[in-house]
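Biologist: I would like a close look at one part of this model, the charged side chains that pair with each other. Please take the pairs one by one and then place them in the rest of the chain.

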Amino acid sequence: FLNAERMPHTSNDRATMQDVDDDFWFGFEQEYFLWDPDNNLPFGFPKDQTTQGQFYCSGGAKNAFGREMIEEHLDQCIEAGINVEGINAEVASGQWEYQCFAQGAQKAGDEMWVSRYLLERLGEKYGLAVEWHPKPLGDTDWNGSGMHANFSNEVLRTCGSQEVYNKICEAFRPVVKEHIDHQ
């Protein structure tokens with residue numbers, strides 16, 4: 001994002017990245033709900049209040065809702081050169097996940113944003129919204145969604161030492177809140 005002077009906007013963290021190599025590897029697992037705008041509930045939400053367990057990694061018309069859209073999204077991502085490692089139904093009805101892998105922080109971030117954009121646009125075709133909110137059904141027993149990142153660099157991939165892992169994790173301790181708050 002640029003400001004009126006065509007300089008990076010202050011909110012544009014990507015412009016400040018010093019991503020000169022691909023030593024950092026990122027694996028993102030993005031969960032979301034397909035959302036039915038007609039009833040403002042997850043797509044396929046059970047009218048009989050069936051519990052959510054049967055939907056996890058499910059198959060079949062009684063359990064998996066929106067698979068055609070999800071598989072088309074997978075195809076679009078692959079065609080766009082985004083390294084999607086997999087897709088799966090999640091815990092609640094209408095809830096899905098896809099996994100992306102990339103080397104280098106800029107590439108990883110760019111591919112995640114583009115993959116989300118493709119999913120949102122595809123929702124227009126199917127008449128479904130994409131709900132990214134972590135608890136779209138509020139404070140209920142129904143599963144929430146999120147995205148977590150797995151990352152490594154050469155040290156993490158090759159050291160094989162619990163001591164090194166602990167040292168790296170401890171180095172993050174002073175900035176955990178800052179990283180969580182920075183969205």
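Modeller: Arg 121 and Glu 124 join their side chains in a salt bridge, with 3.5 Å from N to O. The model is a predicted one, and the distances quoted here are computed from it. Both Arg 121 and Glu 124 belong to helix α2, where three residues, about one turn of the helix, set them apart. Arg 121 has a relative accessible area of 43%, so it counts as partly exposed. Glu 124 has 58% and is therefore exposed, the cut-off for that class being over 50%. Side chains of opposite charge can pair when their charged atoms come close.

Helix α2, which spans residues 105-126, also holds Lys 107 and Glu 111. The side chains of Lys 107 and Glu 111 form a salt bridge at 3.9 Å, N to O. That value falls under the rule because the nitrogen has to be within 4 Å of the carboxyl oxygen. Lys 107 and Glu 111 are four residues apart, again about one turn of the helix. Lys 107 is partly exposed because its relative accessibility is 44%. Glu 111, at 11%, counts as buried, since buried means under 20%.

A further pair is Arg 173 with Glu 170, whose side chains meet in a salt bridge at 2.7 Å, N to O. Here Arg 173 is exposed, with 55% relative accessibility, and Glu 170 is partly exposed, with 42%. The three pairs described are among the six salt bridges counted in the model.

Some charged residues appear in a patch instead. Glu 68, Glu 71, Asp 75 and Glu 79 make up a negative patch on the surface. Patches are made of residues with no salt bridge, so none of these four takes part in one of the pairs. Asp 75 sits in helix α1, residues 67-79.

There is also a nonpolar patch on the surface, formed by Phe 24, Phe 151, Phe 172, Val 176 and Ile 180. Together these residues offer about 440 Å² of accessible area. Val 176 lies in helix α5 and is partly exposed, its relative accessible area being 41%. Helix α5 also contains Asp 181, which is partly exposed at 48%. Between the C-alpha atoms of Asp 181 and Phe 55 the separation is 32 Å, with their positions 126 residues apart along the chain.

As for confidence, helix α5 (residues 176-181) has the lowest mean pLDDT in the protein, 81. The highest, 98, belongs to strand β5, residues 129-131. Over the whole protein the mean pLDDT is 89, and 97% of the residues reach 70 or more.

The setting for these parts is a chain of 183 residues, of which 34% count as buried. Five helices and six strands make up its secondary structure. Starting at the N terminus, the order of elements is β-β-α-β-β-α-β-β-α-α-α. Along the principal axes, the C-alpha atoms fill a box of roughly 50 × 50 × 35 Å.

Conventions:
Residues numbered from 1 in each chain as written. Predicted model: local features only at pLDDT ≥ 70, side-chain atom pairs only at ≥ 80, totals over all residues. Heavy atoms only, no water. Patch = residues over 30% accessible without salt bridge, like charges linked within 9 Å, V, L, I, M, F, W, Y side chains within 5 Å. Areas by Shrake-Rupley, 256 points an atom, 1.4 Å probe, with all protein chains shown as cover. Lys, Arg positive; Asp, Glu negative; His and termini not counted. Charge placed at Lys NZ, Arg CZ, Asp CG, Glu CD. Helix = DSSP H or I, 4+ residues; strand = E, 2+ residues; numbered from the N terminus. pLDDT = per-residue confidence, 0-100. Buried < 20%, exposed > 50% of the residue type's maximum accessible area, 1.4 Å probe, protein only.
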